[in-house]
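I set out below what I looked up in this structure, entry by entry. The notes are meant for a reader who has not met it before.

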Amino acid sequence: MTHKGRIVFAVALASTLGLGLTACNDGEDSASAQESPSASAPTSSDPGSKSPSAEPSDDAAAPAGGDVAAPGTKLKIGDRAILPFKYGTEKKGTVAVTVTAIEKGAEADMAAFGEKAKGMTPYYIRMKVENVGGTDLSYSSLRLRGKLAGGGPTGVILIGDLPGKCDSETAPRDFTTKGASYETCSLSATKTDPIAAASFEEGDAYSDSPVLWTS
């Protein structure tokens, strides 16, 4: 299943205020953009952090096939990290994430979102997600965030995907057994330096010390 509804992003300005923008994408080439009613927001106020996502949990399924990656672990693209996972209030387990690529898109890819997206360069974080714990994680989703070299923030927050270029997939219905896997893509963007890392930073244990994949 691919999310094709809404993309929301905030652009940090001078490390103080952000600019909120909502763009609706119906899966076609055209899209409309309008300024969000709450246009001023710090970059740290990530709307994505409010949605169900991966968080460590004491009662997550015991890891298999290796140890859980400690907060602050640094990996290379192509490396596999085992991570605790919680989705919503009921789905908990252990997954393995392999970042397979961080691909630079073209500024033109963001054109559907209007003038507010001018100057933004998208990056596509492609990954494989495996069910390691063997619990029912069907229809869950996992997101990684783009980071600058050294792990610094991009100043841009994105929720959603670019259909046909970076499709954010949810886990399939049969993502319930050990070894089940699927591939997905997290969309990120920057107006400054290139994105050089992918970051897993969900949950208390990883929010201040994320797992990072770099080239």
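**Entry 1: aromatic pairs**

I began with two aromatic residues and noted that Phe200 and Tyr206 are both buried. The model is a predicted one, and I read every value below with that in mind. I then examined how the two rings are placed. The ring centres of Phe200 and Tyr206 lie 5.2 Å apart and the planes stand at 75°, so I recorded this pair as edge-to-face. The angle settles the matter because planes over 60 degrees apart count as edge-to-face.

How many aromatic pairs are there by this rule? I found a count of 2. In the pair of Phe175 and Tyr182, the centres are 5.1 Å apart with the planes at 85°, so this pair is edge-to-face. I also checked burial here: Phe175 is buried, and Tyr182 is buried as well.

**Entry 2: the chain as a whole**

I next turned to the overall make-up. The protein chain has 1 helix and 12 strands. Read from the N terminus, the order of elements is β-β-β-β-β-β-β-β-β-β-β-α-β. Of the 215 residues in the protein chain, 46% are buried. I also looked up the contacts with a separation of 6 or more in the protein chain: 68% of them come from residues 24 or more positions apart.

**Entry 3: an open sheet**

I traced one sheet strand by strand. It is an open sheet of 4 strands, in the order S4-S12-S11-S8, with mixed pairing. Which strands are at the edges? They are strand S4 (74-76) and strand S8 (145-148), each of which pairs on one side only. From one strand to the next, the twist averages 35°.

I then followed S4 to its partner. S4 pairs with strand S12 (residues 211-214) in the parallel sense, over 3 bridges. Within these strands, I found Lys74 opposite Leu212 of S12.

**Entry 4: nonpolar cores**

The largest nonpolar core holds 23 residues, and I noted that Leu83, Leu142, Leu144 and Trp213 touch the most other members. Several strands each give at least two residues to this core: strand S5 (80-87), strand S6 (91-104), strand S7 (121-131), S11 and S12. I also recorded a second, separate core of 11 residues, which includes Ala117, Tyr124, Val156 and Leu187.

**Entry 5: the disulfide**

I searched the whole structure for disulfides and found 1. It joins Cys166 to Cys185, with an S to S distance of 1.9 Å. The pair links distant parts of the chain, 19 residues apart: Cys166 is in the loop between strand S9 (156-159) and S10, while Cys185 is in strand S10.

Is the disulfide left-handed or right-handed? The torsion about the S-S bond of Cys166 and Cys185 is about -100°, so I entered it as left-handed. I then asked whether these cysteines are buried or exposed. Cys166 has a relative accessible area of 0% and is buried. Cys185 is buried too, with a relative accessible area of 3%.

**Entry 6: a proline in a loop**

My last search concerned Pro194, which sits in the loop between strand S10 (181-190) and strand S11 (195-200). What does Pro194 contact, leaving aside neighbours within four places in sequence? I found Tyr123, Leu148 and Ala149. I also compared Pro194 with Pro122: the two are 72 residues apart in sequence, and their C-alpha atoms are 9.6 Å apart in space.

Conventions: Residues numbered from 1 in each chain as written. Predicted model: local features only at pLDDT ≥ 70, side-chain atom pairs only at ≥ 80, totals over all residues. Heavy atoms only, no water. Contact = heavy atoms within 4.5 Å. Disulfide = S-S within 2.5 Å. Buried < 20%, exposed > 50% of the residue type's maximum accessible area, 1.4 Å probe, protein only. Pairing = 2+ DSSP bridges. Axes fitted to C-alpha atoms, helices over the stretch in contact; angles between N-to-C directions. Core = buried A, V, L, I, M, F, W, Y, C linked by side-chain atoms within 4.5 Å. Phe/Tyr/Trp six-rings, centres within 6.5 Å; stacked < 30°, edge-to-face > 60°.
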